[in-house]
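Here are a few exercises to work through with the model open beside you. Try each task before reading its solution.

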Amino acid sequence: MKETFRWFGQNDPVTLPHIKQSGATGIVTALHHIPNGEIWNIEEIQKVKKTIEEAGLEWVFVESVPIHENIKLKTGDYTKRIENYKQSLINLAACGVKNVCYNFMPVLDWTRTHLHWQLQNGGTALRFDKVDMAIFECFIMKRKGAENDYSQEVLDIAKKRFSEMPALEQQRLEDSILKGLPGTVDDLTIASFSKMIAQYDGYTHEDLKNNLSYFLNEVIPVAEENGIKMAIHPDDPPFDIMGLPRIVKSEKDLEDLVNFIDSPANGITFCTGSLGANPNNDLPKMIEKFGEKIHFFHLRNVKRELDGSFYEDCHLEGSSDMYEIVKAVLKVEQKRGIDIPMRPDHGHQILNDLLAQSTYAGYTAIGRLKGLAEIKGLSLGIQKSLSL
């Protein structure tokens, strides 16, 4: 596996020299300052590429070139936005950056109810709490019909918990959900968020899949012509939330994705955390099945709970068998004769990183360094023992 590290640009407290010390050789980043849907011009791409290379590193993957909401909805100026996307791909290829991660999640990217959830060892982690999500939807945001998406048991617990929830805790929950992704999303308000969600009223899973298929059939030929590999990231969490359909969350969804257009450019970012939060997903089996289509790995582990809640566990712990996952990855690499880019993801906030609250749990330096070291050690052990 080619070891990479996510970097959020010049304002990221985790600097390129820090990343180089981790042992990673590749950088995963994006032009975070370019508004969603606008063209990434060559000059701006080259600036970022030069900065990375001057630090002795390589820009291995773009994560992400965001897809404008009008494209997902197939409304308004969506054709212009698609043409902008194509031009961004052409410009990236001209600069020698040819791996692009993206997602097709409506409105928000990953969603968590806690950005600093306290662990027993004193560190903090990202967490998705089903009851707290119900509190946000039903009692803070007051989304129409939200109560229909939860069991009566969850609603009863949510109602009681909300009645005892201090105002500061309510604000923390709201901030966690609306401001949870560093470097990629402008801060949202309840009012603006409600309007964004309302655009999807009546949209079905099939509608959104049809729009994804349309987008890919427009964009993938351009990507293939320019030697770019597109790798879709699964939905996180891998189930519908806030009335929004999620369409990349299961083995069947990935089958549909690769069948939308047959091209080596049409591929997958296999995120073991996102897919692992769905108990029905057999991750090693899926890696073997989609191995030829996997262009990028996000290796992390979540601990699932019975009500659908989960939290980010240590990379070698949690509900997914990381030994079997890494073994499946190595077998795919051996079969294809390549090293597939991989990055450790959503590490815990531990040690000195606890002193600075400028970075959420999940994107701190030391937690991800720990995850990278664990994955590298596991990988080496498997290779030695199985002579891979």
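**Exercise 1.** Find where Lys-74 lies in this predicted model, and decide whether Lys-74 is buried, partly exposed or exposed.

*Solution.* Start with the location: Lys-74 sits in the loop between H3 and helix H4 (78-94). Next, take its relative accessible area, 33%. Buried means under 20% and exposed over 50%, so Lys-74 is partly exposed. Finally, check the backbone: phi is positive, about 55°, although Lys-74 is not a glycine. Most residues other than glycine have a negative phi.

**Exercise 2.** Now do the same for Met-242: which loop holds it, and is it buried or exposed?

*Solution.* Met-242 belongs to the loop between E7 and H10. Its phi is also positive, about 55°, and it is not a glycine either. With a relative accessible area of 2%, Met-242 is buried.

**Exercise 3.** Locate the cis peptide bond that ends at Pro-237 and give its omega.

*Solution.* The bond joins Asp-236 and Pro-237, with omega about 5°. Pro-237 is in the loop between E7 and helix H10 (251-260).

**Exercise 4.** Work out how helices H5 and H6 are arranged, and what kinds of residues make their contact.

*Solution.* First, the axes of H5 (residues 130-140) and H6 (residues 152-163) come within 9 Å and cross at roughly 70°. Angles of 65 to 115 degrees count as roughly perpendicular, so H5 is roughly perpendicular to H6. Then look at the contact: among its residues are Ile-135 and Phe-139 of H5 and Leu-155 and Phe-162 of H6. Sorting the contact residues gives 11 nonpolar, no polar and four charged.

How values were computed
Residues numbered from 1 in each chain as written. Predicted model: local features only at pLDDT ≥ 70, side-chain atom pairs only at ≥ 80, totals over all residues. Heavy atoms only, no water. Axes fitted to C-alpha atoms, helices over the stretch in contact; angles between N-to-C directions. Helix = DSSP H or I, 4+ residues; strand = E, 2+ residues; numbered from the N terminus. Parallel < 35°, antiparallel > 145°, perpendicular 65-115°, else oblique. Contact = heavy atoms within 4.5 Å. Nonpolar A, V, L, I, M, F, W, Y, C, P; charged D, E, K, R; others polar. Buried < 20%, exposed > 50% of the residue type's maximum accessible area, 1.4 Å probe, protein only.
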